[in-house]
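Please open the structure in your viewer and keep the sequence beside it, so that each selection can be followed in both. The tour below moves from one stop to the next and says what is there.

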Amino acid sequence: MAETMKTHGAGTLRATDAGGEVTLAGWVAKRRDHGGVVFVDMRDATGIVQVVLNPEDAPASEADLRGIRSEYCIRVTGTVRLRPGDMANPDMPTGDVEVVGQAMEILSPSNPLPFQIDDRIDVEEAKRLQYRYLDLRRPAMTENLLARSRAIRVMRDVMEGAGFLEVETPTLIASTPEGARDMLVPSRLRPGNFYALPQSPQLFKQLLMISGIERYYQIARCYRDEDMRSDRQLEFAQLDFEGSFWGQEDVLETLEEISVAVTKAIRGVDLERPFPRLTWHEAMERYGTDKPDIRFGMEIANLDAVFGETGFKAFAGVLASGGTVRGINAGPLGLSRSGLDGVSSRAQELGAKGLVWMVAEEDGSLRSPVAKFLSEAELADLGAAFGAVAGDTLLIVADEKKTVLDVLGQLRLEMGQPEGHDELAYLFVVDFPVFERNEDGDFVALHHPFTSPVDVRKMREDPGHAISKAYDLVLNGSELGSGSVRIHDPAVQAQVFEILGISDEDADRRFGWFLEALRYGTPPHAGFAIGIDRLVAILQGLPNIREVIPFPKTQTGADPLTGSPSRVDDAQLRELGVDVRPEVKAEWAAAEAEGD
RNA sequence: GGGGGCGUGGUGAAGUCUGGAGUUCACGCCGGCCUGUCAAGCCGGAGGUCGCGGGUUCAAAUCCCGUCGCUCCCGCCA
């Protein structure tokens, strides 16, 4: 690569470079001025190396030599040498060598810093985002961007190797009010009209299948105008791909290839294939969630049979009304009475009416406030159902099924989820239902309405229990992405819309262009989208995806660095044919009066 | 839309419960000394609207009300 201002990367120098003359350019990560000799830890994109500036070598004027400060941008020409005596620093990759400066020039001084650029120092995230360009100088952040770049490159390698064509789809598209809120962009050429930013390239990639592309992929930027979380941003990146004449197995196999390659590239670990698979039903029954963390056991046990004829009124009542009794063996928690009561109130916070705890004793009995209401046989069966050994804590919830699974699934995570990220548990969740009921009791698509059912006739007869050809990829309890075999038959698509309560006119108005396209020899096709931010964050062992996004938004959608989002001139709005509503302007005025 | 946590010199924290002089610690910054350090060391110094507004009180970083910002979570995210 052409590089006229420097000959080497600071972090690349090794003992084998000793004796050579180098020119480095980078930043002052640390300065240690001994009055005579000055040590400078010099950092560039490749890492850090120690530079020795000795006044006897006259590498610079006395003013420059004493004047350099943290984060000054400097250039040094000098000789690489092995560090004398026992001065090697085993904690640095470049610690065997140092650069003896013969010439040092200050390329660009730096203001005093708003915070120290040091991986060992915690700084409030808002401050980091305000000065993100400084935050990104930290080696840990550089490392995150590197991991991200590497992940994307490996994804491209796998896709290109498999004959996929990278095709870009538009980001100014029609709004389809379904699913997440759309990010809207007003149109100047058609005042009062709006584009939406894509929540995913879904329909465009299906169009590409109809176009005969057969194998498409894209590193796609997607937008969802919903509230943020540690694993959700307004805009995010996905590896989106789709294949014609493809089924579920083709997609899952490709996903394994991608996951294996990315994990190898970032973590240096070889994953075992095939990945475990759970049906959606199994995942819900055993883990209380559709994205189980299977790095630990603590599976949910169904206790309905144990309490089939119980005299314990609370459980009997729940069972009589169609509910269920289930529990988890949380292992040797060693909690006091008040600690256990704390777990109980946590369960109530999560929506349970109550929680029964039991502790297995040395003699095999179960200690619990409700033990006196249970028969010998019930207690024995319970211990067996949980495989309880002395010291184990059993947590039992009785309620309607959804509540029980919700509460136990969450408690399971809170009691058992491992802290670290050393272990990586990928799995596929398959056989999702086609529909779920919303709060009004209407059917809504669990995945999206273009997902193919396994059996069309069964779907018509009993939509509530219909299985779809949809699947998710899960890593350590996080949903990395989802995909499905799509509907390629317009008649099936019409039936799905019908069950969803979307009238022909509605479907035609919103998706007519797409339904029309389906009528021109659409190949069977299937695909997937992997959330790149989440994948890289988990592989890097990070708690939130902002760490792997160079310029993320805060939870309220702001960028503290650039000040977005911001108000715009009335003149701009007028051109667009839109106006800010009076009540919003009133809020602005009130805030200004407050001196905000 | 709702719940929890946080906001104190440039940075991070303690102080807040139980009101009593802007008090403390570490880092950074500025100056001095110092030629082998590597989170250099020693000496000295500067630096504050305790997020903001209101209230209670003789007295508020501390108690009360409101508000803003950041964050975690629920809702939401087909």
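The stops begin with the whole chain, move to the RNA strand and the helix pairs, and end with single residues and peptide bonds.

**The whole chain**

Keep in mind throughout that this is a predicted model. Begin by selecting the whole of chain A, in which 17 helices and 22 strands can be found. If you turn the view along the principal axes, the C-alpha trace of chain A spans about 95 × 75 × 60 Å. Chain A has 596 residues, and buried residues make up 33% of them. Of the contacts in chain A between residues at least 6 apart in sequence, 67% join residues at least 24 apart.

**Around the RNA strand**

Next, select RNA strand B together with the 56 residues around it, and look for Gly35, Gly36, Gly179, Asp227 and Gln555, which come nearest. Then colour β1 (21-33), β3 (47-53), α2 (125-130) and β19 (443-445), since each of these elements gives two or more residues to the surface near RNA strand B. If you colour this surface by residue class, you will find 18 nonpolar, 19 polar and 19 charged residues near RNA strand B.

**A first pair of helices**

Now hide the RNA and select helix α4, residues 139-161, with helix α15, residues 532-539; their axes lie 10 Å apart, and the two helices pack at an angle of about 125°. With that angle, α4 counts as oblique to α15. The crossing of α4 and α15 is right-handed. To see where the two helices meet, show the side chains of Ala147, Arg148, Ala151 and Ile152 in α4, and those of Ile532, Leu535, Val536 and Leu539 in α15. The residues of this contact of α4 with α15 divide into seven nonpolar and one charged, with no polar residue among them.

**A second pair of helices**

Move on to helix α13, residues 490-499, and α14, whose axes come within 10 Å of each other and cross at roughly 160°. An angle over 145 degrees counts as roughly antiparallel, and α13 and α14 are therefore roughly antiparallel to each other. The crossing of α13 and α14 is right-handed. Select Pro490, Gln493 and Phe497 in α13, and you will see that they meet Ala507, Leu515 and Leu518 in α14. In this contact of α13 with α14 there are five nonpolar residues, one polar residue and no charged residue.

While α14 (residues 504-518) is still selected, pick out Asp508, which lies in this helix. Asp508 is partly exposed, with 14 other C-beta atoms within 10 Å. If you draw a distance from the C-alpha of Asp508 to that of Ala586, the two are 40 Å apart in space, while in sequence they are 78 residues apart.

**A glycine in a loop**

Select Gly95, which is found in the loop between β4 (73-82) and β5 (97-108). Is Gly95 buried, partly exposed or exposed? Gly95 counts as partly exposed, because it has 17 C-beta neighbours inside 10 Å. Leaving aside residues up to four places away in sequence, Gly95 touches Ala88, Asn89 and Pro90. Leu271, by contrast, is 176 residues from Gly95 in sequence and 33 Å from it in space, C-alpha to C-alpha.

**Backbone details to finish**

Most residues other than glycine have a negative phi, and most peptide bonds are trans. The last stops show exceptions of both kinds.

Select Glu71, in the loop between α1 (62-67) and β4, where phi is near 70°, a positive value in a residue other than glycine. Glu71 counts as buried because it has 20 C-beta neighbours inside 10 Å. Then go to Phe245, in the loop between β10 (235-244) and α6, where phi is also positive, near 55°. Phe245 counts as exposed, as it has 12 C-beta neighbours inside 10 Å.

For the peptide bonds, show the backbone from Arg273 to Pro274, where the bond is cis with omega near -5°; Pro274 lies in the loop between α6 (248-267) and β11 (277-279). Finally, select Ser564 and Pro565, which are also joined by a cis peptide bond, with omega near -5°. Pro565 lies in the loop between α15 and α16 (570-576).

Methods:
Residues are numbered from 1 along each chain as its sequence is written. Chains are lettered from A and ligands numbered from 1 in the order in which they are written. This is a predicted model: local features need pLDDT of at least 70, side-chain atom pairs count only at pLDDT 80 or more; totals for chains, interfaces and linings use all residues. Helices (H or I, at least four residues) and strands (E, at least two) are DSSP runs, numbered from the N terminus. Two residues are in contact if their C-beta atoms, placed from the backbone, lie within 7 Å. A residue is near a molecule or strand if its C-beta atom, placed from the backbone, lies within 6 Å of it. Ala, Val, Leu, Ile, Met, Phe, Trp, Tyr, Cys and Pro count as nonpolar, Asp, Glu, Lys and Arg as charged, and the others, Gly among them, as polar. Axes are lines fitted to C-alpha atoms, for helices over the stretch in contact, and angles run from 0 to 180 degrees between N-to-C directions. Angles under 35 degrees count as roughly parallel, over 145 as roughly antiparallel, 65 to 115 as roughly perpendicular and the rest as oblique. A crossing is left-handed if the near helix is turned anticlockwise from the far one by less than a right angle, and right-handed if clockwise.
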